[in-house]
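User: Could you take a close look at a single part of this model and walk me through it slowly? I am a first-year student, so please connect each step to the next.

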Amino acid sequence: MASSQGYLDYVLDLLSGVEGLTTRKMMGEYLLYSEGTLFGGVYDDRLLIKETPASASALGATAVPYEGARPMRLVDSDDGDALSRLVGAVCVELRGGSARKARR
C-alpha cells in the first residue's frame, strides 16, 4: 500500500523544524532527508526513523518498512519540536558525529 499525500503533508508539517528537510518519492513511499542525510521515511502511512542510539532511547516500537529491510523505529508522537530535535540527533549519529552537537 502506498502512502497518501495527506499523511506525507502531516509528517512534513510535524517535522517543519528539521534543517534542510527534503523528500524523495520511491515506489509509492517517501524517503526523508535532513541536509542530505537519509534519516527515515514514510512507509504505509507510518513515520519510521533509522535505528541509532538516539532513536532507540526515544522511541520504543520498531517496524519493518518493507520485506527484507532492517527494522526502524516507529514514531508515535505528534510533538513536532521533540521529533525535530530527535531527527537532528539521529542525523549527527548517522554522519558519525557526537549527539551533543545536535543539541546546540
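Analyst: In this predicted model, helix 3 has 15 residues, and because each residue should add 1.5 Å, the helix is expected to span 21 Å, which agrees with the 21 Å that separates its end C-alpha atoms. The helix covers residues 80-94, and its N-terminal end is capped by Asp79, which places a side-chain oxygen 3.2 Å from the backbone nitrogen of Asp81. Just after the helix comes Gly96, whose phi is positive, at about 90°.

Among the buried residues of helix 3 are Gly80, Leu83, Leu86 and Val90. Val90 has a relative accessible area of 0%, and because buried means under 20%, Val90 counts as buried. If neighbours within four places in sequence are left aside, the contacts of Val90 are Phe39, Ile49, Lys50, Thr52, Ala54 and Ser55.

Turning to the surroundings, helix 3 lies across strand 2, strand 3 and strand 4, and its direction makes about 130° with strand 3. These strands belong to an open sheet of six strands, ordered 1-2-3-4-6-5 with antiparallel pairing, in which strand 1 (21-26) and strand 5 (62-63) are the edge strands, each pairing on one side only. Within the sheet, strand 3 (residues 37-43) and strand 4 (residues 46-49) are joined by four bridges in the antiparallel sense, and Val42 stands opposite Leu47 of strand 4. Helix 1 (residues 5-14) also packs on the sheet, where it touches strand 1, strand 2, strand 3 and strand 4, and its direction makes about 45° with that of strand 4.

Definitions and conventions. Residues numbered from 1 in each chain as written. Predicted model: local features only at pLDDT ≥ 70, side-chain atom pairs only at ≥ 80, totals over all residues. Heavy atoms only, no water. Helix = DSSP H or I, 4+ residues; strand = E, 2+ residues; numbered from the N terminus. Buried < 20%, exposed > 50% of the residue type's maximum accessible area, 1.4 Å probe, protein only. Contact = heavy atoms within 4.5 Å. Expected span 1.5 Å × (residues − 1). Polar contact = N/O pair within 3.5 Å; in protein donor to acceptor, adjacent residues only side chain to side chain. Pairing = 2+ DSSP bridges. Axes fitted to C-alpha atoms, helices over the stretch in contact; angles between N-to-C directions.
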